[in-house]
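Colleague: I would like to learn how to read a model such as this one, feature by feature. Could we take the general idea each time and then turn to the case in hand?

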Amino acid sequence: MGIEATNLDIYGGEPLPWSRVEQALDNYIGGPGSPAFLSTVRPDGRPHTAAVGALWLDGGFYFTSGPATRKSRNLARNSACTVAVSLEGIDLIVDATAAIVTEPDTLERIAARYREAGWAVEVDGAAFTAPYSAPSAGPAPWQLYFATPHSVVGVGTAEPNGATRWQLS
């Protein structure tokens, strides 16, 4: 993956290293107390934002959503999205493109990761089921999405502070 950094710091600080982002995201899984916020685009162009139980793996965010939810309907029309997370020492805004995951081995691998984190999810065909999920996910079954990052903006919230945009290719 190619990474091009642009320093956004207006106070003369150095660009933040991409390794800081990778370290902060290592084993990240959003949930109560550490949510990820997914923004999508409504048909009329207005934004829609919802908290999601995202996890970072394979260089992007996985998250689930029921097909009838506003975010899933938005993504069916326009796959562009943004994932925002506040991590230890850095806040990130990730511009991405989301796609539904249907590959059985990936579904099983991600379900196992969610189970490790405490969500009793199972693969059912090309979707997930569980005894419960966040109300914003809608009723089961839930589709698994993968958000492929294109651009990331990071703002340091601990020393060394700074702000950087990374273009990923």
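**Reading the pocket, the strands and two residues**

Modeller: By class, the residues that line the largest pocket are eleven nonpolar, seven polar and one charged. Please keep in mind throughout that this is a predicted model.

Colleague: How does one look for such a space, and what volume does the largest pocket have?

Modeller: The general idea is that a probe the size of a water molecule, rolled over the atoms, shows where empty space is left. In this model the largest pocket has a volume of about 470 Å³.

Colleague: Which residues lie nearest the centre of the largest pocket?

Modeller: The lining comprises 19 residues, and those nearest the centre of the pocket are Gly30, Gly31, Pro32, Gly53 and Ala134.

Colleague: Turning to the strands, how many bridges join E6 to E7?

Modeller: Strand E6, residues 80–87, and strand E7, residues 90–101, run antiparallel and are joined by eight bridges, and within this pairing Ala84 has Ile93 in E7 as its bridge partner. The two strands form a hairpin with two residues between them, and in the turn Gly89 has a positive phi of about 85 degrees.

Colleague: Which residue in E10 stands opposite Ala99?

Modeller: That residue is Phe146, and it belongs to a pairing in which twelve bridges join E7 to strand E10, residues 143–156, with the two strands again running antiparallel.

Colleague: For a single residue in a loop, I would begin with its surroundings; is Thr69 buried or exposed?

Modeller: A residue is called buried when its relative accessible area is under 20%, and Thr69 is therefore buried, because its value is 11%. Thr69 sits in the loop between strand E5 (60–65) and helix H2 (70–77), where its side chain reaches the backbone oxygen of Gly66 at 2.9 Å. Setting aside residues up to four places away in sequence, Thr69 touches Ser136, Ala137 and Gly138.

Colleague: And how far apart in space are Gly162 and Pro15?

Modeller: Sequence separation and spatial separation have to be read side by side: Gly162 and Pro15 are 147 residues apart in sequence, yet their C-alpha atoms are 6.7 Å apart in space. Gly162 lies in strand E11, residues 162–168, and Gly162 is buried, with a relative accessible area of 7%. Apart from neighbours within four places in sequence, Gly162 is in contact with Asp9, Leu16, Gly154, Val155 and Gly156.

Note on methods:
Residues numbered from 1 in each chain as written. Predicted model: local features only at pLDDT ≥ 70, side-chain atom pairs only at ≥ 80, totals over all residues. Heavy atoms only, no water. Pairing = 2+ DSSP bridges. Helix = DSSP H or I, 4+ residues; strand = E, 2+ residues; numbered from the N terminus. 1 Å grid on protein atoms, 1.4 Å probe; cavity = no way out; pocket = protein on both sides within 12 Å on 5 of 7 lines; lining within 4 Å. Points joined across faces, edges and corners; volume = space filled by probe spheres on them. Nonpolar A, V, L, I, M, F, W, Y, C, P; charged D, E, K, R; others polar. Buried < 20%, exposed > 50% of the residue type's maximum accessible area, 1.4 Å probe, protein only. Polar contact = N/O pair within 3.5 Å; in protein donor to acceptor, adjacent residues only side chain to side chain. Contact = heavy atoms within 4.5 Å.
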